[in-house]
Amino acid sequence: MSSRQNCIKSFSSNVLIIVIAIILSLSIAQAALAAEGQNASHPSEGLFLAQIVLLVISGRLLGELMVRFGQPSIMGQIIAGIILGPSLFGLAFPHAQASLFPSTEAQKSMADAVAQLGILFLLLLAGMETDLGLAKRLRKSAAGVSLAGIVIPFAAGFALGEFIPDSLLPDPQKRLVTSLFLGTALSISSVKIVASVVREMDFMRRNIGQLIVASAIIDDTVGWVIIAITFSLAEKGMVDLTTLATSVIGTLAFMAVSFTVGRRIVFEIIRWTNDNFRSDLPALSAIIAIMGAMAIITNLIGVHTVLGAFVAGILVGESPILTRQIDVQLRGLTTALFMPVFFGLTGLQTDLTVLADPSILLLTAAVVIIASVGKFGGAFAAAKISGYSGSEALALGCGMNARGSTEVIVATIGLSVGVLDEKLFSVIVAMAVITTMAMPPTLRWALARLPLRKEERDRLEREEFESESFLGNFERILLTVDGSQSSRLAAWIAAFFTVTRRMPITVLDVRAPIDESAEREMASANGQQVPPQSGTVAQELREFATDLLSTAAPDGSLTAASDIHITVRDRNGDLETVLSDISSTGHDLLFTGVEPSMGQDGRFSRPLQIMTSAFKGTSAIVSARGPLPERPRDLRILLPVSGTERSIRAAEFGLAIAKAAGAHCALLLIVEPRQVRAIPRISDRGSDHQDVLRIVGEIAGYYGVEVEKVIQEGPSPELSILRHARSGRYNLIVLGVSKRASGGLSYGSVADTLLQTADRSCIFIETNLAPSAALPNQS
């Protein structure tokens with residue numbers, strides 16, 4: 001059976017399921033109405049549930065079908081609503097449709113409440129998907145494309161609204177506001193639709209794909225500001241300079257506060273909730289509360305709540321501790337419930353039978369042409385002026401010509417405030433459906449014509465490495481300290497990662513409060529220096545990271561001092577329990593610098609055993625030996641590798657430190673005598689050794705670190721490591737390890753020997769990963 005026949009068969013099955021669902025829902029609805037005596041003033045909960053279930057099922061099925069045909073899933077959800085509305089189901093079975101979706105205000109308000117909440121969640125999700133970094137990197141080109149693509153169709157749509165006959169307007173006295181709504185609806189692209197198609201085409205990381213998405217982000221942001229201001233005018237019904245000034249000033253103030261102190265406030269709320277609550281999904285509740293609060297604020301300043309939800313989504317998406325689990329759950333709630341209900345109800349309100357009127361059909365054609373030509377022409381012209389090729393400008397014009405969810409929300413708002421009637425609402429929804437369904441095939445055709453340039457290929461290879469790198473999996477750092485020299489070195493290493501990878505850090509002093517007090521008294525009595533407390537360590541850590549920023553990236557290319565997030569956590573209970581609780585709050589990388597690092601049995605000490613066992617993520621044990629260098633750049637890092645995946649990942653760890661510190665780095669490949677020939681030259685090694693050198697060399701190339709490569713043979717790897725560390729004056733050894741099954745904490749003979757005999761600092765990185773079959777010479 002051909003693929004086309006399979007699609008037809010799948011479509012028929014879906015239609016059958018939808019018909020069955022309609023019949024079941026009708027039965028439930030009629031039974032509910034009969035039980036309540038057909039009392040129209042009293043809403044039926046059973047009917048409400050039937051409506052929601054039907055919209056979710058039909059939206060999911062048709063959404064799935066649209067995806068299989070290369071269309072966005074929301075098109076299926078809108079079409080499902082159109083099918084269930086007066087355009088098809090109501091036309092064929094008017095009484096059944098009226099029973100299932102009665103027009104009484106009491107009943108409609110129940111589903112409308114879910115739809116209004118759905119608008120906020122959709123805008124929250126759209127904000128979370130907004131990549132401000134991408135928009136900033138491409139701000140010049142993207143701003144030109146976006147603004148040209150807004151101004152031209154906005155002006156054309158506004159002019160169309162000014163010349164529409166009074167008979168087609170809901171209220172001729174509000175013509176100006178209606179014209180503004182038409183201009184807005186015709187000019188804004190849907191970043192969600194644009195991003196989904198570009199991602200599906202695997203062009204999200206291509207230059208032109210990033211420019212399309214960045215332009216859509218600016219489009220959406222500017223559009224929601226325009227919508228918010230237009231909404232305030234719609235409520236007044238006329239242009240009131242006082243109201244307009246209040247809305248504009250209030251919007252600018254809201255945006256300014258949100259993207260300055262608001263970023264920090266949102267992060268602290270999410271962090272505090274995530275770290276202190278023990279019930280399920282506390283951070284998700286905090287995000288919803290943040291969205292609600294910001295939506296209320298925008299409502300109080302006289303603009304629509306959608307702006308508050310959108311800005312809240314941007315700030316939440318910028319939070320460095322937005323865990324993948326929270327992100328997936330929020331998307332799941334929105335995708336599974338709110339999207340099919342909102343877009344389904346939008347389709348229900350769309351009456352395509354009005355297109356039988358020649359004047360309405362002509363207006364719809366004019367709207368589609370103005371929207372398409374204006375958007376395409378503006379983006380194409382701006383791209384050509386910016387120096388892009390014809391094929392790139394063509395792709396930009398096609399990519400920006402998707403409306404979808406944004407126009408539907410605009411139309412819904414216009415309908416709710418009375419500046420659009422059912423006819424104009426249906427016209428805008430029809431335009432959104434037509435332009436959105438035309439965008440994917442035209443964009444695919446345009447993108448397929450674009451060649452891949454060399455600099456773009458190099459960038460894509462670097463980004464692919466980053467997505468698959470060992471360090472790319474971590475989100476939050478836990479730093480355990482006790483005021484020792486090892487704590488200071490561990491703080492250094494942690495600062496490197498928070499600066500280069502924007503990872504928030506939690507500092508935990510592992511000394512018990514009673515022991516800490518006694519230690520301070522004893523130190524004072526003996527005239528010794530009092531060991532620094534966790535708060536002092538955190539302050540030193542912040543100062544060191546800030547200094548590192550100014551020296552390593554004076555142009556601000558890495559991060560900003562305000563993005564350094566350091567939290568101090570008190571030890572308020574058993575160490576094992578505290579570590580277990582902290583690791584459950586999204587901390588996945590532990591730096592521990594405590595002394596003594598070695599116990600009486602010659603293995604790692606009991607506190608280190610407790611911490612590495614209780615912590616659920618990756619552990620890095622830092623043991624300081626000898627004097628620490630005065631400056632980070634004075635570090636000389638030795639990376640022993642043996643071909644195992646853990647040793648290569650530890651090498652990446654060390655290379656990241658070398659990159660941040662500007663330190664010298666050497667790779668030491670250790671082989672046994674039986675594995676090499678008489679003359680120890682790199683060219684004489686087997687292909688397995690060459691593979692290891694190549695892999696680590698590629699990692700070093702990504703980080704931009706020059707690595708000295710050395711091959712050393714010998715029966716004792718630990719002696720080879722120490723001998724080379726001393727001869728090369730290396731003061732930091734980074735070693736990948738894995739736990740051994742034993743009574744104490746042991747990482748094998750090499751790690752244990754280095755712990756006992758090394759006269760220079762070491763970092764033992766515990767990955768606990770199975771060796772990769774792709775790497776030779778695993779052990």
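**Note on helix packing and selected residues**

1. Ser605 is buried, its relative accessible area being 4%, and buried here means under 20%. The residue sits in the loop between strand E4 (589–593) and H26. Leaving aside residues up to four places away in sequence, Ser605 touches Pro596, Ser597, Met598 and Gly599. The model is a predicted one, and this applies to every point below.

2. Helix H26 (606–614) also appears in the surroundings of helix H25, as part of what covers the buried residues of H25. Helix H25 spans residues 575–583, and its buried residues are Leu575, Val578, Leu579, Ile582 and Ser583. Viewed down the axis of H25, these buried residues fall within an arc of 125°, so they line one face of the helix. The cover over them also includes strand E1 (477–481), strand E2 (505–509) and strand E3 (566–569).

3. The start of H25 has a polar detail to look at. There, a side-chain oxygen of Asp574 comes to within 3.2 Å of the backbone nitrogen of Glu576.

4. Helix H30 (residues 749–757) can be read in a similar way. Its buried residues are Ala751, Asp752, Leu754 and Leu755. Down the axis of H30, the buried residues lie within an arc of 160°, so they line one face of the helix. They pack against helix H29 (717–727), strand E9 (732–737) and strand E10 (761–766).

5. The next points concern pairs of helices. Two packed helices are described by the angle between their axes and the distance between the axes. For helix H8 (residues 139–163) and H17, the angle is about 155° and the axes are 7 Å apart. That angle makes H8 roughly antiparallel to H17, because angles over 145 degrees count as such. The crossing of H8 and H17 is right-handed. On the H8 side, the residues that meet H17 are Gly144, Val145, Ala148, Gly149, Ile150, Ile152, Pro153, Ala156, Gly157 and Leu160. On the H17 side, they are Leu363, Val367, Ile370, Gly374, Lys375, Gly378, Ala379, Ala382 and Ala383.

6. Helix H17 (residues 358–385) also packs with helix H18 (residues 390–399), at an angle of about 150° and with the axes 8 Å apart. H17 passes H18 in a right-handed crossing. H17 contributes Phe376, Ala379, Phe380, Ala383 and Lys384 to the contact, while H18 contributes Gly390, Ala393, Leu394, Leu396, Gly397 and Cys398. Ala379 and Ala383 of H17 are thus listed in the contact with H8 and in the contact with H18.

7. The axes of helix H2 (residues 45–68) and helix H6 (residues 105–128) come within 10 Å and cross at roughly 40°. This makes H2 oblique to H6. The crossing of the two is right-handed. Glu45, Leu47, Phe48, Gln51 and Ile52 of H2 make the contact with Gln107, Met110, Ala111 and Val114 of H6.

8. Is Glu105, in helix H6, buried or exposed? At 61% relative accessibility, Glu105 counts as exposed, the cut-off being over 50%. Glu105 and Pro43 are 62 residues apart in sequence, with their C-alpha atoms 8.9 Å apart in space.

9. Gln210 belongs to helix H11 (residues 207–236). With 12% relative accessibility, Gln210 counts as buried. Between Gln210 and Ala142 the separation is 68 residues in sequence and 9.2 Å in space, C-alpha to C-alpha.

Key
Residues numbered from 1 in each chain as written. Predicted model: local features only at pLDDT ≥ 70, side-chain atom pairs only at ≥ 80, totals over all residues. Heavy atoms only, no water. Buried < 20%, exposed > 50% of the residue type's maximum accessible area, 1.4 Å probe, protein only. Helix = DSSP H or I, 4+ residues; strand = E, 2+ residues; numbered from the N terminus. Arc of directions from axis to C-beta. Contact = heavy atoms within 4.5 Å. Polar contact = N/O pair within 3.5 Å; in protein donor to acceptor, adjacent residues only side chain to side chain. Axes fitted to C-alpha atoms, helices over the stretch in contact; angles between N-to-C directions. Parallel < 35°, antiparallel > 145°, perpendicular 65-115°, else oblique. Left-handed = near helix turned anticlockwise from the far one by under 90°.
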